[in-house]
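Biologist: I should like to learn how to read a structure of this kind, feature by feature. Might we begin with a single residue and work outwards?

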Amino acid sequence: QVQLVESGGGLVEPGGSLTLSCAASGFTFRRYSMSWHRQAPGKERELVAVISAGGSTNYADSVKGRFTVSRDNAKNTVYLQMNSLKPEDTAVYCCNAFWGNTYWGQGTQVTVSS
């Protein structure tokens, strides 16, 4: 059974940091590109960051220089380190796995507010 389980969300003040984790199971993790997406209330889902099976990364312009995506194939986990958080980063963050098939996690809420 394929599972993607996100964790690490929460409430943080502007300028703060959070690290999200996405634990994968039920598929060959190392072969999949992994990505983080977010959806804020009333807005469409947007791609935040991608890390390929080979470790190449890409970021949305809005998070470049603030967010870092990484993966640990030994732990079947992908991470999103988020620094200098802004209120506009508030959203539900979901991870995605893609290699032919695509799988989604349920998401974790990130709220940036003072």
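**Reading the model from one residue outwards**

Modeller: Let us start with Y93, setting aside its neighbours within four places in sequence. Y93 is in contact with E6, L20, W36, H37, R38, V48, F67, L80, M82, G107, T108 and V110. Please keep in mind throughout that this is a predicted model.

Biologist: Which residues touch the most other members of the largest nonpolar core?

Modeller: A core is read as a set of buried nonpolar residues joined through their side chains. Here the largest one has 29 residues, and W36, L80, M82 and Y93 touch the most other members. At least two residues of this core come from each of β3, β4 (33-39), β5 (46-51), β7 (67-72), β8 (77-82), β9 and β11 (108-112).

Biologist: How many helices and strands are there in the protein?

Modeller: The protein has zero helices and 11 strands. Read from the N terminus, its elements run β-β-β-β-β-β-β-β-β-β-β. The radius of gyration is 13 Å, close to the 13 Å given by the globule rule for 114 residues, so the protein is as compact as a globular protein of that length. Along the principal axes, its C-alpha atoms fill a box of roughly 40 × 25 × 25 Å.

Biologist: What percentage of the residues is buried?

Modeller: A residue is called buried when its relative accessible area is under 20%. Buried residues make up 39% of the 114 residues in this protein. The accessible surface comes to about 6,100 Å², and 46% of that surface belongs to carbon and sulfur atoms. As for contacts with a separation of 6 or more, 52% are between residues 24 or more positions apart.

Biologist: Which cysteines form a disulfide?

Modeller: One looks for two cysteine sulfur atoms within 2.5 Å of each other. The structure holds one such disulfide. C22 and C95 form it, with their sulfur atoms 1.9 Å apart. C22 lies in strand β3 (residues 18-25) and C95 in strand β9 (residues 91-99), so the pair ties together parts that are 73 residues apart in sequence. The torsion about the S-S bond of C22 and C95 is about 45°, so this disulfide is right-handed. Both C22 and C95 are buried.

Biologist: Why does C94 not form a bond with the closest cysteine sulfur?

Modeller: The closest cysteine sulfur, in C95, is 7.5 Å from the sulfur of C94, which is too far for a bond. C94 counts as buried, at 14% relative accessibility.

Biologist: How should I read a polar residue such as H37? Is H37 buried or exposed?

Modeller: One considers its accessibility together with its partners. H37 lies in strand β4 and counts as buried, at 12% relative accessibility. Its side chain makes a polar contact with the side chain of S35, at 2.8 Å. Leaving aside neighbours within four places in sequence, H37 is in contact with R45, E46, L47, V48, V92, Y93, C94, N96 and W104. Y93, our starting residue, has H37 among its own contacts.

Biologist: Where is V112 found, and what does V112 contact?

Modeller: V112 is found in strand β11. V112 is buried, with a relative accessible area of 4%. The C-alpha atoms of V112 and E13 are separated by 5.4 Å, although these residues are 99 residues apart along the chain. Not counting neighbours within four places in sequence, the contacts of V112 are V12, E13, P14, L85, K86, P87, D89 and T90.

Biologist: Which residue in the loop between β7 and β8 should I examine for its backbone?

Modeller: N76 is found in that loop. Phi of N76 is near 55°, a positive value in a residue other than glycine. N76 counts as partly exposed, at 27% relative accessibility.

Biologist: What is the phi of S84?

Modeller: S84 has a positive phi of about 50°, although S84 is not a glycine. S84 lies in the loop between β8 and β9 and is partly exposed, with a relative accessible area of 41%.

Biologist: What does N83 touch?

Modeller: Not counting residues up to four places away in sequence, N83 touches G16, S17, R66 and F67. N83 lies in the loop between β8 and β9 and is partly exposed, with a relative accessible area of 29%. N83 and L18 are 65 residues apart in sequence, and their C-alpha atoms are 6.7 Å apart in space.

How values were computed
Residues numbered from 1 in each chain as written. Predicted model: local features only at pLDDT ≥ 70, side-chain atom pairs only at ≥ 80, totals over all residues. Heavy atoms only, no water. Helix = DSSP H or I, 4+ residues; strand = E, 2+ residues; numbered from the N terminus. Buried < 20%, exposed > 50% of the residue type's maximum accessible area, 1.4 Å probe, protein only. Core = buried A, V, L, I, M, F, W, Y, C linked by side-chain atoms within 4.5 Å. Contact = heavy atoms within 4.5 Å. Polar contact = N/O pair within 3.5 Å; in protein donor to acceptor, adjacent residues only side chain to side chain. Rg over C-alpha atoms; globule rule 2.2 N^0.38 Å. Areas by Shrake-Rupley, 256 points an atom, 1.4 Å probe, with all protein chains shown as cover.
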